[in-house]
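Colleague: I am new to this one. Could you take me through the model, a question at a time?

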Amino acid sequence: MIIDATNTTLLAYAVTTDPDPLQVSPASGNPSYGGLTIVVSNNTSQAIYCRQIQFTLPIGTLAQDLTNVTTGILTAATPSGNWQLTQTSDGVFTALPTAPQYEEITTDGLVFQIYNIVVNQQVGTFTLTVQETSSLDDSNWQIQTGTFDLAKFPYGFFFGDLAPSAPLVQYHESVDLTWTGSDGPIYTMFAGGHAYDVTDTRTWTSCRLTGDTTFLLQASLQQQGETVTAYQSTTVIVADPSLTATDLTVLTTSTLQGPVTVGTTAQQTSLTVNGTSTLGTTSTGPLTTAGATVTGNLNVNGPSTLNGTTVNGTLNGTNSASLNNLTANGLSALSGTVTLLGQGSVLFAGAGISGGVTFTTDGFLLAQVVPPSDKTKCSFATAAITTGGITFQVQGGTVGSFGSNWSKVMDFNPNVLTVPVQANVKCYFAVTQSSQNQVNSGVQFSWFPIGKGGYRDEPTFRMLTEEELADAPPPPIPPTFSAMPNGDEEASAAFVDRLAEALGAGLPDETRADLALLLRRL
């Protein structure tokens with residue numbers, strides 16, 4: 001499996017070949033056929049929208065080309081009812097959703113196959129190019145690109161079946177690894193930060209293992225000035241291993257028997273505890289905890305993050321610290337900064353949006369009315385946030401000054417509403433626009449969590465379901481407006497009457513009203 005190393009795509013791609021690796025066609029006789037399987041997935045916690053994926057294979061007879069035969073190539077997409085893959089030109093294969101609702105990709109991935117490909121006769125490496133038309137918000141579409149380098153080995157080449165003599169060994173035991181492979185390549189085994197030449201054997205005994213070890217076997221072949229490589233890997237588990245780590249992350253309850261030293265006086269290092277832990281009097285370098293209880297004093301030297309931590313002694317921090325859900329009986333910040341807010345983000349944006357959300361941590365929900373691009377147009381929008389049974393509103397858009405003794409001007413009128421929100425409390429939001437608008441204003445809702453609400457990579461909010469939205473309050477009343485009463489109407493009407501009298505013209509009421517309106521606009 002090859003994972004893209006030069007990727008700007010929003011979606012994640014993994015490519016396998018059949019056979020693995022691909023083999024070039026012989027100079028005579030039947031050609032070699034190959035296929036590609038491309039797995040597309042969303043590795044993030046938010047929806048990604050994609051309306052097209054295009055795969056491009058190099059066509060020609062050179063080492064950097066895959067094939068010089070563009071006919072007979074077959075394609076497949078899974079699930080076939082949601083997406084389709086077709087060859088749209090020589091070497092170009094375009095995947096499209098069968099309906100707009102399938103543009104949204106969340107936890108369910110996609111699989112595309114391009115197969116029955118006649119591989120050309122030149123050993124070398126070709127590049128599969130991926131162009132993805134995608135968006136994070138279903139509106140701002142961009143073309144993102146990724147590339148994959150894939151090798152073509154000589155006809156008849158084989159390499160695989162890397163396996164250890166045992167998947168689990170005791171501390172300080174060795175393991176035998178075996179594999180199959182054609183003669184000709186240089187074989188190199190990588191393990192424990194070392195490289196071993198294993199070209200002349202297909203069985204290799206490791207050194208004595210003290211910790212879990214991943215073995216990576218590389219086959220490298222040079223032919224006609226082209227170098228191609230293929231890899232196999234396997235991991236061996238060591239019972240009761242020795243651990244050497246720069247950062248230690250404990251995800252659940254842990255028991256450390258005996259003295260524990262984190263770093264040295266000369267070289268401080270980080271400690272991360274995710275889960276319930278109990279520590280006595282402790283001194284560390286940079287510290288990250290979740291659900292820890294310190295029964296004595298805690299001295300922290302370096303930037304630290306304490307999530308759900310209870311300190312029953314004195315907490316001394318000599319550098320910056322991030323304190324999330326921390327109970328501290330005695331807090332002393334000697335230097336550096338104390339950070340409480342998490343990373344802010346825009347949750348929703350639009351001209352007429354509504355919905356509901358709940359958060360896993362306290363924080364601040366902001367509603368910002370974004371004026372239209374043209375400040376000479378009339379625009380009034382109201383944004384509302386309801387939480388804890390209380391509704392807050394903000395209005396903005398454009399504003400004008402038209403009083404009898406004022407200058408007649410218009411300008412942008414951006415406004416922001418900030419509402420503190422408690423964790424695990426329903427929060428509703430809605431936007432309304434005036435029916436008298438010449439153009440609508442945009443509104444965006446942003447979230448600033450206090451802390452992160454859980455583990456560092458978890459989202460701090462979730463959308464309310466349709467059932468939960470049944471209790472949502474009605475949207476705010478759309479803003480309305482009218483002309484400000486002043487003496488201009490009476491004065492303009494009197495002027496039109498005098499003008500008609502002077503000219504001896506009998507004007508109908510409708511014409512008089514139009515002339516008076518034009519006069520007031522001067």
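**Questions on a predicted model**

Modeller: Start with the overall picture. This is a predicted model. Buried residues make up 39% of the 522 residues in the protein.

Colleague: How many helices and strands are there in the protein?
Modeller: Helices and strands are both present. The count is 2 helices and 43 strands.

Colleague: What share of the contacts with a separation of 6 or more comes from residues 24 or more positions apart?
Modeller: Take the contacts in the protein with a separation of 6 or more. Then keep those between residues 24 or more positions apart. Their share is 60%.

Colleague: What part of the accessible surface belongs to carbon and sulfur atoms?
Modeller: The accessible surface of the protein comes to about 28,300 Å². Of that, the carbon and sulfur part is 51%.

Colleague: Let us look at β37. How many of its residues are buried?
Modeller: Strand β37 spans residues 380-387. It is mostly covered. Of its 8 residues, the buried ones number 7.

Colleague: Which residue in β38 stands opposite A381?
Modeller: β37 and β38 (residues 390-401) run antiparallel, joined by 8 bridges. They form a hairpin with 2 residues between them, and G388 in the turn has a positive phi of about 60°. Opposite A381 in β38 stands G396.

Colleague: And which residue in β41 stands opposite T382?
Modeller: β37 also pairs with strand β41, residues 427-433. These two run antiparallel, with 7 bridges. Opposite T382 in β41 stands T432.

Colleague: Which are the edge strands of the open sheet of 5 strands?
Modeller: The order in this sheet is β15-β21-β20-β17-β18, with mixed pairing. An edge strand here pairs on one side only. That gives β15 (168-169) and β18 (194-197).

Colleague: What is the bridge partner of F190 in β20?
Modeller: Strand β17 covers residues 186-191 and strand β20 covers residues 213-223. They run antiparallel, and 5 bridges join them. In β20, the partner of F190 is L216.

Colleague: Which residues make the nonpolar surface patch of about 400 Å²?
Modeller: The patch is nonpolar and lies on the surface. Its members are L340, L341, F364, F448 and I450.

Colleague: Why does I450 count as partly exposed?
Modeller: I450 lies in the loop between β42 (442-449) and β43 (461-463). Partly exposed means between the buried limit of under 20% and the exposed limit of over 50%. I450 falls in that range because its relative accessible area is 35%.

Key:
Residues are numbered from 1 along each chain as its sequence is written. This is a predicted model: local features need pLDDT of at least 70, side-chain atom pairs count only at pLDDT 80 or more; totals for chains, interfaces and linings use all residues. Side-chain values use heavy atoms; hydrogens and water are left out. Helices (H or I, at least four residues) and strands (E, at least two) are DSSP runs, numbered from the N terminus. Buried means under 20% relative accessible area, exposed over 50%, partly exposed in between (1.4 Å probe, protein chains only). Contact means heavy atoms within 4.5 Å. Accessible areas come from the Shrake-Rupley method with a 1.4 Å probe; for residues, only the protein chains shown count as cover. Two strands pair if DSSP finds at least two bridges between them. Patches are made of residues with over 30% relative accessible area and no salt bridge: like charges are joined within 9 Å, nonpolar side chains (Val, Leu, Ile, Met, Phe, Trp, Tyr) within 5 Å. A salt bridge is a side-chain nitrogen of Lys or Arg within 4 Å of a carboxyl oxygen of Asp or Glu.
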